[in-house]
Each structure stands twice: as C-alpha cells, then as structure tokens.
Amino acid sequence: MAARHLRSGLPLLRDNLAQGSRGFASQVAKPKGKDIKVPQALYGGTGNYASALFLAAAKANVLDKVETELRDVVAASKKSPVFSQFIRDLSVPKETRVKAITEIFAQAGFSDVTKNFLAVLADNGRLKYIERIAERFVDLTMSHKGEVKVVVRTVIPLPEKEEKELKETLLDILGKDKTILIEQKIDYSIMGGLVIQFGQKVFDMSIKTRAKQMEMFLRQPLDI
C-alpha cells in the first residue's frame with residue numbers, strides 16, 4: 001500500500017519540491033580555507049548559541065567531536081534526574097554552576113570548545129536549553145556536510161526499492177551533491193499511504209488526510 005502510494009505520488013512530489021526548494025538546495029556552503037560561515041541562518045536564542053558554537057567548532061576543526069559531546073550531555077540529562085535538576089535549577093549560585101560544569105566535563109575529556117561553551121551557558125543560566133541547542137547545532141552540521149534528513153511516516157516499513165526511488169527523487173530536486181538520510185517511522189494514525197517531511201516541508205499522501213479532504217468536499221453545498 002505504501003509503495004503504491006509512493007509511486008503514484010512521486011510526480012506530485014517532484015512538482016511540490018521543485019517550487020521553492022532551490023533555496024533549500026543552495027543553503028549548504030562549505031567553508032573554504034579560513035572563510036568559515038554558518039551554513040544556514042538560525043533565529044532565536046537557541047539558534048544564536050548553536051551558530052556561535054558551530055563557528056567556534058569549525059574554526060577549531062572539531063565539529064564531529066563537539067556534536068558527539070553535545071549528544072552525550074543531552075543523554076546524561078535524560079538519564080540522570082540529579083544532573084537534569086542541576087542544569088535547570090537557577091537557584092544554584094552562578095559560580096557554583098560554572099565550576100561544577102567545568103570540572104565535570106574536564107574529567108570527561110571534553111574538548112575546550114565544548115567545555116567553554118557549557119561554561120558560558122552555565123554562566124548565563126541557559127543550560128536548561130541544552131537539548132534544543134544541541135538539536136539546532138546538529139541541523140547546522142548536517143547542512144554543512146550536505147546531509148538532508150527525511151522523515152517518512154507509514155503504517156508498514158517502506159520497501160527498499162521504494163526508499164531508493166524516494167532518495168533519487170529528492171536528489172533530482174535538491175542536488176546530487178546531497179546525502180539523503182531517511183528515517184522511517186511507523187504511524188498507524190495516518191491509516192495508510194505515507195507522509196514525507198524534511199526541513200519545513202511536509203508532503204502528505206496519507207489516507208487519513210485524503211479522507212478528511214473527501215469529507216470536506218462532500219459537505220460542501222451542491223451548486224445546481
């Protein structure tokens with residue numbers, strides 16, 4: 001069922017992506033020499049922090065290491081209620097937060113870039129936003145490497161052949177220099193078909209959505 005919907009929807013998907021996707025395709029700009037730039041604009045407080053960290057990590061040539069370390073911090077905050085409470089408790093004196101964070105991650109062997117960044121967050125009372133900052137930092141590293149994460153929701157796993165066709169379609173639109181990373185999610189609520197999402201784009205070919213569209217159409221008064 002998912003495969004049939006994908007085949008019938010690929011032409012529509014191509015048309016949908018072709019409108020406005022050129023800008024998305026051109027967002028990736030790998031740094032040349034010392035001319036290091038953020039590969040895409042992020043806004044808001046967490047976006048500013050993630051962008052600043054990206055620039056520092058890129059200049060120090062430790063992007064992958066910093067990404068891994070951020071993931072470790074987020075995992076620790078989810079695993080340890082004590083640590084989670086500590087990074088969210090603003091009643092802890094600023095000096096205590098900074099000292100504790102510096103010592104903890106120095107012992108863990110973290111890079112200077114990550115240690116200094118976490119110390120800045122502790123000093124500014126922003127450690128509680130570390131998970132969102134980490135997510136946005138990963139968005140930047142993926143864009144930097146030309147990777148595009150695509151989430152496909154279906155009621156059954158997408159067959160290998162159809163996954164390959166989807167990747168080829170996305171590469172035709174976004175550029176052959178991209179790396180398409182497909183994450184499949186089983187979602188019985190869509191009732192069938194599939195929903196494709198990457199970045200801010202959503203292409204909904206689910207039976208649930210089509211059924212709602214049909215219901216709305218049938219409820220419209222007849223013009224006789």
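Modeller: One definition before we start: a helix here is a DSSP run of H or I with at least four residues, and helices are numbered from the N terminus. Please also keep in mind that the model is predicted.

Biologist: Thanks! How many helices and strands does the protein chain have?
Modeller: Reading along the sequence, you meet the pattern α-α-α-α-α-α-α-α-β-α-β-β-β-α. Put as a total, the secondary structure of the protein chain comes to 10 helices and four strands.

Biologist: What share of the residues in the protein chain count as buried?
Modeller: A residue is called buried when its relative accessible area is under 20%. Among the 224 residues of the protein chain, the share that counts as buried is 42%.

Biologist: Of the contacts between residues at least 6 apart in sequence, what share join residues at least 24 apart?
Modeller: Contact here means heavy atoms within 4.5 Å. Taking the contacts in the protein chain between residues at least 6 apart, the share joining residues at least 24 apart is 70%.

Biologist: Let's look at helix packing. Are α6 and α7 roughly parallel or antiparallel to each other?
Modeller: Two packed helices are described by the angle between their axes and the distance between the axes. Helix α6 covers residues 94-107 and helix α7 covers residues 112-124, with axes 8 Å apart and an angle of about 160°. Angles over 145 degrees count as roughly antiparallel. The relation of α6 and α7 is therefore roughly antiparallel.

Biologist: Which residues of α7 make the contact with α6?
Modeller: α6 passes α7 in a right-handed crossing. From α6, the contact uses Lys94, Arg97, Val98, Ile101, Thr102, Phe105 and Ala106. By class, this contact has seven nonpolar, one polar and four charged residues. The α7 residues that take part are Lys115, Leu118, Ala119, Ala122 and Asp123.

Biologist: α3 also meets α7. How many charged residues does the contact of α3 with α7 have?
Modeller: Helix α3 (residues 44-59) comes within 10 Å of α7, axis to axis, and they cross at roughly 155°, which makes α3 roughly antiparallel to α7. Tyr49, Leu53, Ala56 and Ala57 of α3 meet Val113, Phe117, Val120, Leu121 and Asn124 of α7. Sorted by class, there are eight nonpolar residues and one polar residue, while the number of charged residues is none.

Biologist: On to charges. Which residue forms a salt bridge with Asp112?
Modeller: Asp112 counts as exposed, at 53% relative accessibility. Its partner also lies in helix α7, three residues apart, about one turn of the helix. With the closest N and O atoms 3.3 Å apart, the residue that pairs with Asp112 is Lys115.

Biologist: In helix α4, how far along the helix are Glu69 and Lys65 separated?
Modeller: The side chains of Glu69 and Lys65 meet in a salt bridge of 3.0 Å, N to O. Glu69 is buried, with a relative accessible area of 3%, while Lys65 is partly exposed at 40%. Helix α4 spans residues 63-79, and because the two are four residues apart in it, their separation is about one helical turn.

Biologist: Is Glu67 buried or exposed?
Modeller: Glu67 forms a salt bridge with Arg71, with 2.9 Å between the closest N and O atoms. Being four residues apart in α4, Glu67 and Arg71 are separated by about one helical turn. Arg71 is partly exposed, at 47% relative accessible area. Glu67 has a relative accessible area of 11%, so it is buried.

Biologist: How many salt bridges are there by this rule?
Modeller: The rule asks for a side-chain nitrogen of Lys or Arg within 4 Å of a carboxyl oxygen of Asp or Glu. Lys149, Glu183 and Lys185 are linked in a network of such salt bridges. By this rule, the count is 12.

Biologist: Which residues is Gly109 in contact with, leaving aside neighbours within four places in sequence?
Modeller: Gly109 is found in the loop between α6 and α7 and counts as partly exposed, at 46% relative accessibility. Its C-alpha atom is separated by 9.6 Å from that of Glu69, 40 residues apart along the chain. Leaving those neighbours aside, the residues in contact with Gly109 are Lys65 and Glu69.

Biologist: Last one: what distance separates the C-alpha atoms of Leu63 and Phe137?
Modeller: Leu63 lies in helix α4 and counts as buried, at 13% relative accessibility. Not counting residues up to four places away in sequence, Leu63 touches Phe54, Ala57, Ala58, Phe137, Thr141 and His144. Leu63 and Phe137 are 74 residues apart along the chain, and their C-alpha atoms are separated by 9.6 Å.

Terms used
Residues numbered from 1 in each chain as written. Predicted model: local features only at pLDDT ≥ 70, side-chain atom pairs only at ≥ 80, totals over all residues. Heavy atoms only, no water. Axes fitted to C-alpha atoms, helices over the stretch in contact; angles between N-to-C directions. Parallel < 35°, antiparallel > 145°, perpendicular 65-115°, else oblique. Left-handed = near helix turned anticlockwise from the far one by under 90°. Nonpolar A, V, L, I, M, F, W, Y, C, P; charged D, E, K, R; others polar. Buried < 20%, exposed > 50% of the residue type's maximum accessible area, 1.4 Å probe, protein only.
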